[in-house]
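Work through the exercises below with the sequence and the model open. Each task is followed by a solution in steps.

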Amino acid sequence: MDYTKAFFFFVSLFCLLIHLVVFLQGYLDEQFNQLEELQDESSPNFVEEVAALFFKDSSRLLTNIEQAIDKYPQDFYRLDSLMHQLKGSGSSIGALRMKNECSVFKANCNDRNLEGCRRSLQKMKREHATLKQKLESYFQLLRQVGPSEYAVSSRK
């Protein structure tokens with residue numbers, strides 16, 4: 001028995017399982033699949049790099065939103081504008097739960113509901129942290145398998 005092949009098979013299978021669970025739990029949508037389709041041998045870490053940029057940018061935006069709520073609690077236009085940026089960023093990688101919570105936050109801005117904005121922001125921060133943890137685990141496994149092995153197994 002070739003243990004190396006068996007190892008890669010099981011790690012590949014586990015990657016697919018994580019991918020499926022993250023989708024079934026509603027953390028990601030079809031946009032993430034479309035990003036994965038753009039990845040090829042010339043850019044084997046494309047999706048991971050896009051996700052890293054998303055998490056860097058979204059962390060900054062979440063901090064800016066939190067600071068704006070504290071500094072300018074009645075400036076709902078500012079809050080809505082910042083949230084619009086976060087929603088666009090989340091949409092670009094398919095962060096479905098975050099995108100949905102952005103909509104809730106924006107609705108709270110429209111209603112001038114500061115406490116609703118605060119609750120929504122806290123939920124969004126939890127969704128952000130959970131998605132980051134799930135994707136970090138997923139990418140870590142993908143690195144163990146290697147891009148070509150995963151590409152073959154995940155596209156079947």
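The exercises concern a predicted model and cover aromatic pairs, charges over rings, one helix residue and salt bridges.

**Exercise 1. Aromatic pairs**

Find how many aromatic pairs the structure holds, and classify the pair F54 and F55 by its geometry.

Solution.
- Step 1. A search of the whole structure gives 4 aromatic pairs.
- Step 2. For F54 and F55, the ring centres are 4.9 Å apart and the planes meet at 65 degrees.
- Step 3. Planes over 60 degrees apart count as edge-to-face, so the pair F54 and F55 is edge-to-face.
- Step 4. F54 has 3% relative accessibility and therefore counts as buried. F55, at 8%, counts as buried too.

**Exercise 2. A second pair and its cluster**

Classify the pair Y138 and F139, and state which residues form a cluster with them.

Solution.
- Step 1. The distance between the ring centres of Y138 and F139 is 5.6 Å, with 50 degrees between the planes.
- Step 2. This geometry makes the pair of Y138 and F139 tilted.
- Step 3. Both Y138 and F139 are buried.
- Step 4. F23 and F32 join Y138 and F139 in one aromatic cluster.

**Exercise 3. Charges over rings**

Identify which ring lies under the charged end of R78, and which under that of R97.

Solution.
- Step 1. R78 places its charged end over the ring of Y72, 3.8 Å from the ring centre.
- Step 2. R97 does so over the ring of Y27, with 4.0 Å to the ring centre.

**Exercise 4. The surroundings of K134**

Locate K134 and list its contacts beyond four places in sequence.

Solution.
- Step 1. K134 belongs to helix α6, which covers residues 114-145.
- Step 2. V21 is 113 residues away from K134 along the chain, yet their C-alpha atoms are separated by 9.7 Å.
- Step 3. With neighbours within four places set aside, K134 contacts I18, V22, Q25 and Y27.
- Step 4. Y27 thus appears twice: as a contact of K134 and as the ring under the charged end of R97.

**Exercise 5. Salt bridges between parts of the chain**

Count the salt bridges, then determine what the pairs D29–K99 and D70–R118 connect.

Solution.
- Step 1. Side chains of opposite charge can pair when their charged atoms come close. The structure holds 10 salt bridges.
- Step 2. D29 and K99 form a salt bridge, at 3.4 Å from N to O.
- Step 3. D29 is in the loop between α1 (3-24) and α2 (30-38), while K99 is in helix α5 (residues 96-110), so this pair ties together parts 70 residues apart in sequence.
- Step 4. D29 counts as buried because its relative accessibility is 17%. K99, at 21%, is partly exposed.
- Step 5. D70 and R118 form a salt bridge, with 3.7 Å between the closest N and O atoms.
- Step 6. D70 lies in helix α3 (residues 46-71) and R118 in helix α6, so the bridge ties together parts 48 residues apart in sequence.
- Step 7. D70 is exposed, with a relative accessible area of 56%, whereas R118 is partly exposed at 28%.

**Exercise 6. A further bridge and a network**

Describe the salt bridge of D75 and name the residues of the network that includes R118.

Solution.
- Step 1. D75 pairs with R78, and their closest N and O atoms are 3.0 Å apart.
- Step 2. D75 is partly exposed at 26%, and R78 is partly exposed at 34%.
- Step 3. Shared partners join D70, E115 and R118 into one salt-bridge network.

Methods:
Residues are numbered from 1 along each chain as its sequence is written. This is a predicted model: local features need pLDDT of at least 70, side-chain atom pairs count only at pLDDT 80 or more; totals for chains, interfaces and linings use all residues. Side-chain values use heavy atoms; hydrogens and water are left out. Rings of Phe, Tyr and Trp (its six-membered ring) pair if their centres lie within 6.5 Å; planes under 30 degrees apart count as stacked, over 60 as edge-to-face and the rest as tilted. Buried means under 20% relative accessible area, exposed over 50%, partly exposed in between (1.4 Å probe, protein chains only). A charge sits over a ring if NZ of Lys or CZ of Arg is within 6 Å of the ring centre and within 35 degrees of the ring normal. Helices (H or I, at least four residues) and strands (E, at least two) are DSSP runs, numbered from the N terminus. Contact means heavy atoms within 4.5 Å. A salt bridge is a side-chain nitrogen of Lys or Arg within 4 Å of a carboxyl oxygen of Asp or Glu.
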